[in-house]
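Biologist: I would like a close look at a single part of this model. Please show me the whole first, then take me through that part and what surrounds it.

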Amino acid sequence: MKNELTPEQKQMLSLAAAKLGISPQELENKLRSGNAESLLRGNSKLAAILSDRKAMEQLMNSPQAQALLKALTKSSGKG
């Protein structure tokens, strides 16, 4: 059974997708398939955040990111 995202996770996914200029479904598919690397191409702002260790740690330690990661890893069978 595929784990569904909570309304808060869906909202976060929609906001992130809008910032990246792609659909929420496309972003979710890339994250679930492990193909998130392709999101970096042509996105200098995201690349800058990912290259800044402090900014990345702050982002990844947010409750929203933790919940999204947990849901995505459970549904892909990795967690």
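Modeller: What follows is a walk around one helix, with a short visit to its neighbours.

First, some ground rules. This is a predicted model, so local features need pLDDT of at least 70 and side-chain atom pairs count only at pLDDT 80 or more, while totals for chains, interfaces and linings use all residues. Residues are numbered from 1 along each chain as its sequence is written, and side-chain values use heavy atoms, with hydrogens and water left out.

Now the overall plan. The chain has 5 helices and 0 strands. Helices here are DSSP runs of H or I with at least four residues, strands are E runs of at least two, and both are numbered from the N terminus. Along the sequence the pattern reads α-α-α-α-α. Of the 79 residues in the chain, 20% are buried. Buried means under 20% relative accessible area, exposed means over 50%, and partly exposed lies in between, with a 1.4 Å probe and protein chains only. The accessible surface comes to about 5800 Å². Carbon and sulfur atoms account for 56% of that surface. These areas come from the Shrake-Rupley method with a 1.4 Å probe, and for residues only the protein chains shown count as cover.

The part to look at is helix α2, residues 24–33. Start with its buried residues: Leu27, Glu28, Lys30 and Arg32. Charged names appear in that list, among them lysine, glutamate and arginine. What do these side chains pair with? Lysine 30 meets glutamate 26 in a salt bridge, at 3.8 Å from N to O. A salt bridge is a side-chain nitrogen of Lys or Arg within 4 Å of a carboxyl oxygen of Asp or Glu. Arginine 32 pairs with glutamate 28, and there the closest N and O atoms are 2.7 Å apart. Why can such pairs form? Side chains of opposite charge can pair when their charged atoms come close.

Spacing comes next. Lysine 30 and glutamate 26 sit 4 residues apart in α2, about one turn of the helix. Arginine 32 and glutamate 28 are also 4 residues apart in α2, again about one turn.

How covered are the partners? Lysine 30 has 18% relative accessibility, so it counts as buried. Its partner glutamate 26 is partly exposed at 34%. In the other pair, arginine 32 is buried at 17%, and glutamate 28 is buried at 10%.

Lysine 30 has further neighbours. Leaving aside residues up to four places away in sequence, lysine 30 touches Asn35, Ala36, Ser38 and Leu39. Touching, or contact, means heavy atoms within 4.5 Å.

Now follow the chain out of the helix. Just after α2, glycine 34 takes a positive phi of about 80 degrees. Glycine 34 lies in the loop between α2 and α3. With 56% relative accessibility, glycine 34 counts as exposed. Its C-alpha atom is 9.9 Å from that of threonine 73, although the two residues are 39 apart along the chain.

Turn to the helix packed against α2. Helix α1 (residues 7–20) meets α2 at an angle of about 100 degrees, with the axes 8 Å apart. Axes are lines fitted to C-alpha atoms, for helices over the stretch in contact, and angles run from 0 to 180 degrees between N-to-C directions. That angle makes α1 roughly perpendicular to α2. Angles of 65 to 115 degrees count as roughly perpendicular, under 35 as roughly parallel, over 145 as roughly antiparallel, and the rest as oblique. From α1, the contact uses Leu13, Ser14, Ala16, Ala17 and Leu20. From α2, it uses Pro24, Leu27, Glu28 and Leu31. Together they divide into 7 nonpolar, 1 polar and 1 charged. Nonpolar covers Ala, Val, Leu, Ile, Met, Phe, Trp, Tyr, Cys and Pro; charged covers Asp, Glu, Lys and Arg; the others, Gly among them, are polar. Glu28 belongs to this contact, and glutamate 28 is also the partner of arginine 32.

One last stop, further along. Helix α3 (residues 44–51) and helix α4 (residues 53–60) have axes within 5 Å, crossing at roughly 95 degrees. These two helices are therefore roughly perpendicular as well. In α4, arginine 53 and glutamate 57 form a salt bridge at 3.0 Å, N to O. The chain's count comes to 3 salt bridges.
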